[in-house]
Every structure is written in C-alpha cells, then in structure tokens.
Amino acid sequence: MNCGDLKDAYELYALGLAEGEEQAEIARHLARGCEACRNGVDQAMALNSLLLGVSEDVKPRARLKRRIVASVRGKHRSWTWAGILAAACMLIAAVWLGEQERQRTSQLVDTRRALIAVTADRDRLAACLRMLDEPDTMRVGFGKSGPPHGNVFVNGHSGVLLIASNLPKLQPGRMFEMWVIPKGGSPRPAGMFRSNEGGTGFNMMSGPVDVASLGMIAVTVEPSAGSAMPTSQPIFAVPVAGL
Amino acid sequence: MVSYTISGMLNFLTAVLAYAILQVALRFKDDADLARRLKAREPRAMEDLYDRYGRLAYSLVYRVVRNSAAAEDLVQETFLRVWNRVQSFDPQRGALGPWILTVARNRAIDYLRSLDGRMAAGALELDRAENPALFSFDDSALSIDRARRLKTAFEKLNPNQRMVIELAYFEGLSQSEMADRMKQPLGTVKTWVRTALKALREELVEATGV
C-alpha cells in the first residue's frame with residue numbers, strides 16, 4: 001500500500017484500533033521513516049486529542065488530587081524517610097560511640113590521676129621512711145597536754161617531717177598548711193596536707209634545712225590553694241630550737 | 001436504527017463541544033515548562049499537572065467507565081504512568097496534554113476491555129499508542145481556531161458517523177467490533193468511520209491552510 005491508501009487509517013492507528021494489513025503497513029512506513037505517514041499520524045493525534053478532551057465536565061472529589069500527589073510523594077518519601085532513618089541511626093551510633101570514647105578517656109584520665117597520686121604518696125612515704133631510718137634524724141613530740149598530738153622529725157639533709165593525729169575536721173575548700181618558722185624570722189610555707197578519716201595526717205618538707213636556725217614548726221588551716229603567710233591562728237606550734 | 005437510540009447522548013455531546021474544545025486547546029499550551037519540571041522530579045510539578053489536566057482526564061475517564069470509584073483509580077494510574085514515563089518525553093517538542101488524555105483514555109478502554117474479556121486483544125496496541133515519543137507533534141495543531149472548526153465539523157456529522165466516532169474514541173472498539181455491536185456490515189461501518197474522520201480532518205487541515 002502507498003501512503004494515500006493509508007491516510008484514512010491514521011486516526012484509528014493512533015488510537016490503537018487499526019486492524020490487519022492497515023495497521024501493519026502504517027507501522028512499516030513509520031519504521032522506515034516515511035515522512036508522509038509521520039505527518040499524517042501527527043495530525044491524527046492532534047485531532048484525537050481534541051476529540052478526547054470533549055467530554056461532559058465532571059468534577060472529581062478533592063481527595064483524588066491528594067491521592068495522586070501522595071502516591072508520587074510517597075515514592076520519594078520512602079527514599080527520603082529511609083535516608084532520614086539511616087542518618088538518624090548513624091547519628092545515634094556516632095553519639096553512642098563518642099560517649100563511649102569520652103567515658104573511656106575520662107576513666108583513663110581518672111586512673112592516671114589516681115596512679116600519679118598513689119605514686120606520689122608512695123614516694124613521700126618512701127622518703128619519710130628513709131628519713132626516719134637515718135641515724136641523725138631528731139624527733140620532737142607534741143600534744144601531751146591535749147590534742148592534736150604527734151611528732152616532728154628534723155634532719156639537716158632530708159628536711160622536716162610532721163606526723164600528727166587527732167587533727168580537727170576540715171571544712172570544704174580548706175587544708176592544713178605547715179609552716180617552718182626560723183628563730184626571729186617570719187613563717188615560711190612548708191607544704192599542704194589533709195588528714196584521713198581518723199584525723200591523722202603527715203607532711204614532709206624535703207631538702208636540706210639549717211637546723212640551727214629553726215625556731216618552730218606550726219600548722220594552720222588555710223584555703224586549699226595555700227597561703228604565702230598564715231591567715232589563721234595555729235592549731236599547734238612545736239618548738240624545735242636547740243636540736 | 002441503532003443511531004436513533006443514542007441520538008440524545010450525541011446531541012448532548014454536541015452541546016458541550018463548543019465550550020470544552022476551547023478549554024482543551026487552551027490547556028494544551030505552555031506545557032514545555034511543566035514537562036521539564038516533571039522530568040526534574042519537582043514535587044510541586046505533579047500538583048500543577050493535576051491542576052491543569054486532572055479534571056479533564058477525570059471527565060474523559062468517567063465518560064468511558066461511568067463509575068466514579070473506577071474513574072478515580074484509573075486517573076491515579078494515568079498520572080502515575082505519566083510520572084514514571086516522563087523521562088522519555090521531549091519537553092521541547094512534546095504535547096503533554098494530548099499524551100495525558102491518550103494515557104487516560106487507554107487506561108479507561110483497557111478497564112472496559114477487562115470487564116468484557118477483550119483485554120488481551122488490544123492491550124499491546126494501547127500501550128504502543130501512548131508511547132511518549134509519539135507525542136512530539138507541533139502543538140499549533142491544537143489552536144483555538146482548529147478547535148472551533150472541529151466543533152463545526154462534528155456537528156455536521158450524521159448520527160451514524162457520530163456513533164462510530166463515539167465507539168472508537170470512548171469505547172475503544174475497532175471497526176470489526178463496531179460492526180458486531182451495531183449489527184451492520186463491516187464495509188458500511190468502515191464507510192461511516194472514513195467519512196466522519198475525513199470531514200473532521202479536512203476542517204483541521206483547512207484551519208492551517210495546509
């Protein structure tokens with residue numbers, strides 16, 4: 001068939017209603033790029049479109065638009081929600097892992113601090129024991145008339161060691177401060193310390209001391225940061241002059 | 001005569017033609033931008049598409065199936081099909097409105113065929129006929145002047161010619177099926193179809209001076 005034989009079938013072809021040899025022939029013409037048939041089918045589609053648009057106007061229910069828009073958005077939303085869910089899970093996992101890491105780091109810092117404190121105590125105790133074991137260490141007792149009582153140990157090479165019991169309870173933010181008072185001189189800070197629950201505490205000022213110039217060892221209660229000079233009356237003062 | 005039994009329906013069709021056909025011609029304009037937005041998957045584009053063609057598509061589908069629930073399902077299917085296939089559509093050359101109406105019409109015809117066991121026979125043809133690549137004709141063919149001329153030509157058709165147009169466009173019957181339905185010889189039906197389409201076609205061609 002030539003294009004002229006097919007022209008009456010273009011509209012039905014465009015509607016999917018062409019039959020038999022007409023349908024097959026138009027398809028063959030279009031497949032080989034027949035311009036006349038292409039133009040004919042295009043015009044047929046335009047005519048069909050105008051005719052299909054001619055119907056009694058019927059208003060659909062408002063929910064139809066919502067259904068259609070939701071069905072399209074639903075496809076997007078499923079991916080969007082999946083993304084949001086994945087991101088939320090990752091965020092939660094990241095926060096959880098971060099918190100775990102923070103806790104581990106905090107525990108590690110606390111452990112290291114405790115280790116440093118224990119090591120310092122150990123070193124101090126070791127120094128105290130060495131001092132006590134030295135033959136030239138001198139001892140002065142105090143508190144026979146009432147608490148607190150204890151001993152002051154002085155060694156010209158090692159320093160001054162104070163061991164006291166029945167110490168008063170400290171208020172928060174306060175510590176004991178030991179003072180070394182030379183004969184006729186001003187008090188010099190000699191270290192901060194706390195007592196244990198039983199009221200016993202010790203403090204050592206390490207290093208050589210001029211025993212001959214020593215006048216007194218005293219203890220006051222001071223702010224935790226320490227004071228350059230005593231800010232309260234001494235809890236006790238132990239004369240060490242003349243050792 | 002069969003044609004007299006449906007003459008009331010055809011007269012009504014003619015009465016609404018003048019208004020509706022102008023609406024169709026107007027709506028088919030300026031679809032390129034909307035098509036581009038659909039291809040870009042802009043969320044608002046589907047709403048705009050429905051605002052422009054939802055009522056038209058629903059009216060067409062309802063006319064075919066005469067069932068509001070089925071019509072809603074089929075219109076939803078239509079818009080989803082357009083959404084899913086719009087990537088094959090050429091927004092520079094394409095006519096979005098005609099494509100949507102064709103998809104809507106084919107969904108409705110497919111539904112009718114499934115009801116009376118004709119589904120398998122024409123499903124493939126319907127699917128081919130709504131290929132978006134086919135809808136790349138010059139939309140100047142959808143001018144208001146052409147719409148007016150089509151209306152005039154349609155009004156001049158005799159009842160048998162209007163009947164076969166109705167059966168083809170809105171019930172999806174082939175010429176053989178029309179002959180069975182109308183209990184007329186196939187040759188007679190083909191003559192009615194050919195003369196009806198020729199009259200409509202000539203009006204559209206004359207409108208552009210081709």
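## Two chains, helices and sheets

Helix α9 (residues 159-171) of chain B is mostly covered, with 10 of its 13 residues buried. A buried residue has 20 or more other C-beta atoms within 10 Å of its own, with C-beta atoms placed from the backbone. The buried residues of α9(B) include Met163(B), Val164(B), Ile165(B), Leu167(B) and Phe170(B). Asn160(B), Gln161(B) and Arg162(B) are also among them. Gly172(B) follows α9(B) and has a positive phi, near 70 degrees.

This is a predicted model: local features need pLDDT of at least 70, side-chain atom pairs count only at pLDDT 80 or more, and totals for chains, interfaces and linings use all residues. Residues are numbered from 1 along each chain as its sequence is written, while chains are lettered from A and ligands numbered from 1 in the order in which they are written.

**Chain B**

Chain B has 11 helices and 0 strands. Helices are DSSP runs of H or I with at least four residues, strands are runs of E with at least two, and both are numbered from the N terminus. Of the 210 residues in chain B, 46% are buried. Among its contacts with a separation of 6 or more, 75% join residues 24 or more positions apart. A contact means that two C-beta atoms, placed from the backbone, lie within 7 Å.

Ala71(B) is found in helix α5 of chain B. Ala71(B) counts as buried because it has 26 C-beta neighbours inside 10 Å. Leaving out residues up to four places away in sequence, Ala71(B) touches Tyr58(B), Val61(B), Tyr62(B) and Val65(B). Ala57(B) is 14 residues from Ala71(B) along the chain, and their C-alpha atoms are separated by 9.3 Å.

**Confidence**

The pLDDT is the predictor's confidence in each residue, from 0 to 100. Chain B averages 79, and 69% of its residues score at least 70. Among the elements of chain B, helix α5 (residues 68-85) has the highest mean pLDDT, 93, and helix α1 (residues 2-5) the lowest, 52. Where pLDDT is low, the predicted coordinates should not be read in detail. The model scores ipTM 0.76 and pTM 0.55.

**Sheets of chain A**

Two open sheets are listed here. Strands pair if DSSP finds at least two bridges between them.

| Strand order (chain A) | Strands | Pairing |
|---|---|---|
| β5-β4-β7-β8 | 4 strands | antiparallel |
| β1-β2-β3-β6 | 4 strands | antiparallel |

In the sheet β1-β2-β3-β6 of chain A, the edge strands are β1 (138-142) and β6 (201-206), each pairing on one side only. Its neighbouring strands are turned by 10 degrees against each other on average, direction ignored. β1(A) and β2 (residues 149-155) of chain A run antiparallel and share 5 bridges. Met138(A) stands opposite Val154(A) in β2(A).

In the sheet β5-β4-β7-β8 of chain A, β5 (188-193) and β8 (236-239) stand at the edges with a single partner strand each, so one side of each is left without a neighbour in the sheet. Here the average turn between neighbouring strands is 20 degrees, direction ignored. β7 (residues 214-223) of chain A pairs with β8(A) over 4 bridges, in the antiparallel sense. Ala218(A) has Ala237(A) in β8(A) as its bridge partner.

**A helix contact in chain A**

Ile26(A), His29(A) and Leu30(A) in α3(A) meet Cys37(A), Arg38(A) and Val41(A) in α4(A). By class, this contact has 4 nonpolar, 1 polar and 1 charged residues. Ala, Val, Leu, Ile, Met, Phe, Trp, Tyr, Cys and Pro count as nonpolar, Asp, Glu, Lys and Arg as charged, and the others, Gly among them, as polar.

Conventions
A residue is buried if 20 or more other C-beta atoms lie within 10 Å of its own, exposed if 12 or fewer, and partly exposed in between; C-beta atoms are placed from the backbone. Axes are lines fitted to C-alpha atoms, for helices over the stretch in contact, and angles run from 0 to 180 degrees between N-to-C directions.
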